[in-house]
Amino acid sequence: TVGGFFFVRSFRSVQVDALDRGLVSQADTLARQLRSAPTVDLGAQGPSGVVATSEVVVQVLDVDGEVTDSTREAGPRSVVDAETLAPATRGRVFADVELDREREPFRVIARPVTTSNEAHVLAVGVSLEETEASVERVERLLLVGGAAAVLVALTGGWFLAGAALRPVERMRREAAAISEHDTDFQLRVPRTRD
C-alpha cells in the first residue's frame, strides 16, 4: 500500500513535470509574440492563431488582475487568483485551478510580460483531465494487481507453512498417541535431526 501510494505520487509528479515543461515553452513563445505584436488575437485558433487547441487557455492580465485579453475557453474572469498573481508579476508561478461551471482541472503557468512599456501577466493553462485519467488508471491497476499479489502471497504462504509444519504435526499426533503403558514406543527422529 505504501509503495503503491508513493508510486502513484511519483507517476503524477512526472506527468505534471512534463506538462510544466510544455507550458514554459508555450508561455515563452506567446510572450515573444506579445512583445513583438501586442495586438495578437488570442481568440484566433489554427495555424495562424496563437492557440491551436481548446485544451489550452490563455489570458493576459494587468498587474491588478483585470483580464485584458483572453481565449474563449479561459473566459472573462481571471484564471489565477490574487495569491498566484502577485508572485507572477516577478517570475514564473505554477498553479492548479478549476475552470468553467464543470470545474475542469487545469495546470496554469503565470509569468510577467511587458508589452508597449506596460507590465502584464501572461497566464497559459492546459487541461489536467488526461493526466488525472492516467493517474486513475494506474491506481486501478495497482489496486487490482496489488490485491491479486496479496492473494497469491497468502495462498503460497499457507501452503509453504503447511508443508514446513507437516513433520511437526505428525510428531505431535504420534506423541499424543503414546500412552503411559506403551513405554517402548519412541518418536521417529527425522533424517534432518532438527
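**Notebook: a five-strand sheet and its helix**

Entry 1. I began in the middle of the sheet, where Val58 stands opposite Val124 in strand 5. A reminder to myself before going on: this is a predicted model.

Entry 2. How many bridges join strand 1 to strand 5? I found 7, and the two strands run antiparallel. Strand 1 covers residues 56–62. On to its pairing with strand 2: here 3 bridges join the strands, again in an antiparallel run. For one pair by name, I looked up Gln59, whose bridge partner in strand 2 is Ser70.

Entry 3. Next came strand 4 and strand 5. They run antiparallel and are joined by 10 bridges. I picked out Val108 here, and its bridge partner in strand 5 is Gly125. The hairpin of these strands leaves 2 residues between them, and I noted that Ser116 takes a positive phi near 50° there.

Entry 4. Time to put the sheet together. What is the order of the strands? I read it as 2-1-5-4-3, an open sheet of 5 strands with antiparallel pairing. Strand 2 (67–70) and strand 3 (93–99) are the edge strands, as each pairs on one side only. I also looked up the twist, which averages 30° from one strand to the next. A general note for the margin: strands of a sheet pair through backbone hydrogen bonds, either parallel or antiparallel.

Entry 5. Is strand 5 mostly covered or mostly open? It is mostly covered, with 8 of its 10 residues buried. I then checked what helix 1 does, and found that it lies across strand 1, strand 3, strand 4 (104–115) and strand 5 (118–127). Its direction makes an angle of about 35° with strand 4.

Entry 6. I followed helix 1, which spans residues 2–36, and stopped at Phe6. Is Phe6 buried or exposed? Phe6 counts as exposed because its relative accessible area is 51%, and the cut-off for that is over 50%. Phe6 has company: together with Val2 and Phe5, it makes a nonpolar surface patch of about 330 Å².

Entry 7. My last stop on helix 1 was Ser36. Ser36 has a relative accessible area of 61%, so it is exposed as well. Then I looked at how Ser36 sits relative to Ser116, the hairpin residue from Entry 3. The two are 80 residues apart in sequence, yet their C-alpha atoms are 9.1 Å apart in space.

Key:
Residues are numbered from 1 along each chain as its sequence is written. This is a predicted model: local features need pLDDT of at least 70, side-chain atom pairs count only at pLDDT 80 or more; totals for chains, interfaces and linings use all residues. Side-chain values use heavy atoms; hydrogens and water are left out. Patches are made of residues with over 30% relative accessible area and no salt bridge: like charges are joined within 9 Å, nonpolar side chains (Val, Leu, Ile, Met, Phe, Trp, Tyr) within 5 Å. Accessible areas come from the Shrake-Rupley method with a 1.4 Å probe; for residues, only the protein chains shown count as cover. A salt bridge is a side-chain nitrogen of Lys or Arg within 4 Å of a carboxyl oxygen of Asp or Glu. Helices (H or I, at least four residues) and strands (E, at least two) are DSSP runs, numbered from the N terminus. Buried means under 20% relative accessible area, exposed over 50%, partly exposed in between (1.4 Å probe, protein chains only). Two strands pair if DSSP finds at least two bridges between them. Axes are lines fitted to C-alpha atoms, for helices over the stretch in contact, and angles run from 0 to 180 degrees between N-to-C directions. Contact means heavy atoms within 4.5 Å.
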